[in-house]
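Visitor: I would like a close look at one strand and its surroundings. Please take me through it step by step.

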Amino acid sequence: MKLLVTGGCGFIGSNFIIHMMESYPDVNVINLDLLTYAGNLENLQDVAPYGSRHRFVRGDISDKETVRCLLAEKPDVVVNFAAESHVDRSIMDCCSFIHTNIRGTQVLLDACREYKIPRFVQISTDEVYGSLHAEEPPFTEDNQICPNSPYAASKASADLLVRSYHKTYGMDVVITRCSNNYGPLQFPEKLIPLMITNALQDFELPVYGDGRNVRDWIHVRDHCRAIDAVMRKGRPGDVYNIGSEAEFHNIDIVRYILCRLDKPESLIRYVEDRPGHDRRYGMNAAKLRSELGWTPLISFEDGMNQTVSWYIEHEMWWQRIRTGEYLNYYEDWYGKSLGAANSKPKC
Ligand code: NAD
Ligand code: TYD
């Protein structure tokens, strides 16, 4: 099986590539990633032993020629992780969100149609559904989409485009919508890695608003196994929610991290709330469980313990992000060695 994975140098995409390499000896991956601030080739160091089964190409999913070049190689599936993914950045300026999340998805869809790619998997998010009240049941696939942030709106737009290519052109597409992920290799601008790395340095932990917003957490490797299942067995045109029923208030996550690291709660600093801050997300993944037999394997407690340990053990990884040194990795190492020959698509 040959996959084109986009955004494979980000948090979930890199975990997915590692999962596929470890799980299947017959899977080859072309990884198309622009290496924005969120893309980090150092995330793929564990893929090195798999040699040429993983090929990195630096490029933009919105660049038609690059995408057409790669699809001419006839992958069996395109899995689209590439995105601008941080809500706070979308509030500051959403241009790049429109460019990548909407325009990029459209370019991929058009090229998949042209090259008759057998399947397109769109990696989406629970945030397209909007916000739940405390007493409401978790989102099912039948909930209306009702995005509240520019990020969520751009992801919802992409979902609608993907759906329309199925309805209009009969393309085989599937959409996954997952809850908040945590685990190794997450960029330290998101809640859990930011709080762990700040606490490790005795920096303040900025908690938005009253800290009582609720997120539903899933370990990234459980998410990757779910994508794998949907990619192989999902019904064409369908949406699959992914989640592991682990809803927590933000403040409880922050307190848990402080306790685990033996740091004082005086590090907590309540700051101005995020505009339009969704109060609660919660996912019902019953369809995925019953139709595709997926079930999460990592409890929140085990996953968080493992994640905190990972950040303690990989200080160099996140310090290089904090200082910006990670941005030189491509030029310094990859560009000069195997990457030079590898990094441009040949058409
Ligand atoms: P991330 O920000 O860590 O990684 C995004 C990757 O996409 C980076 O490697 C970046 O370089 C690449 N990229 C950005 N623009 C690109 C472009 N124009 N062309 C090619 N590559 C580009 O994101 P993530 O947390 O790994 O999320 C991956 C996907 O999963 C996203 O689509 C996101 O919406 C979705 N998702 C994320 C979560 C979560 O909790 N992180 C939850 C549900 C769904
Ligand atoms: P985040 O990791 O940005 O994910 P998302 O907004 O996609 O759910 O934020 C998770 C929750 O944590 C969200 O309710 C906002 C809150 N948060 C803070 O309180 N402080 C922070 O510094 C960050 C980054 C997030």
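Guide: Start with one pair of residues in this predicted model. Arg215 stands opposite Phe248, which belongs to strand S11. Arg215 itself sits in strand S9, residues 214-219. S9 and S11 (residues 247-249) are joined by three bridges and run antiparallel.

Now turn to another partner of S9. Strand S7, residues 180-182, is joined to S9 by three bridges, and here the two run parallel. One match in this pair is Tyr182 with His219 of S9. In general, strands of a sheet pair through backbone hydrogen bonds, parallel or antiparallel.

How exposed or buried is S9? Six of its six residues are buried, so the rest of the structure largely encloses S9. Buried here means under 20% relative accessible area. Look at the two faces in turn. One side carries Val214, Asp216 and Ile218, and the other carries Arg215, Trp217 and His219. Both faces are covered.

For the wider setting, look at the open sheet of seven strands. Its order is S3-S2-S1-S4-S5-S6-S10, and its pairing is parallel. S3 (54-58) and S10 (239-242) are the edge strands; each has a single partner, so one side of each has no neighbour in the sheet. On average, neighbouring strands are turned by 20 degrees against each other, direction ignored.

Inside this sheet, four bridges join S4 (residues 77-80) to S5 (residues 119-125). Val79 stands opposite Val121 in S5. Helix H4, residues 95-114, packs on the sheet and touches S1, S4 and S5. Helix H5, residues 150-169, lies across S5 and S6, at about 155 degrees to S5.

Terms used
Residues numbered from 1 in each chain as written. Chains lettered and ligands numbered in written order. Predicted model: local features only at pLDDT ≥ 70, side-chain atom pairs only at ≥ 80, totals over all residues. Heavy atoms only, no water. Pairing = 2+ DSSP bridges. Axes fitted to C-alpha atoms, helices over the stretch in contact; angles between N-to-C directions. Contact = heavy atoms within 4.5 Å. Buried < 20%, exposed > 50% of the residue type's maximum accessible area, 1.4 Å probe, protein only.
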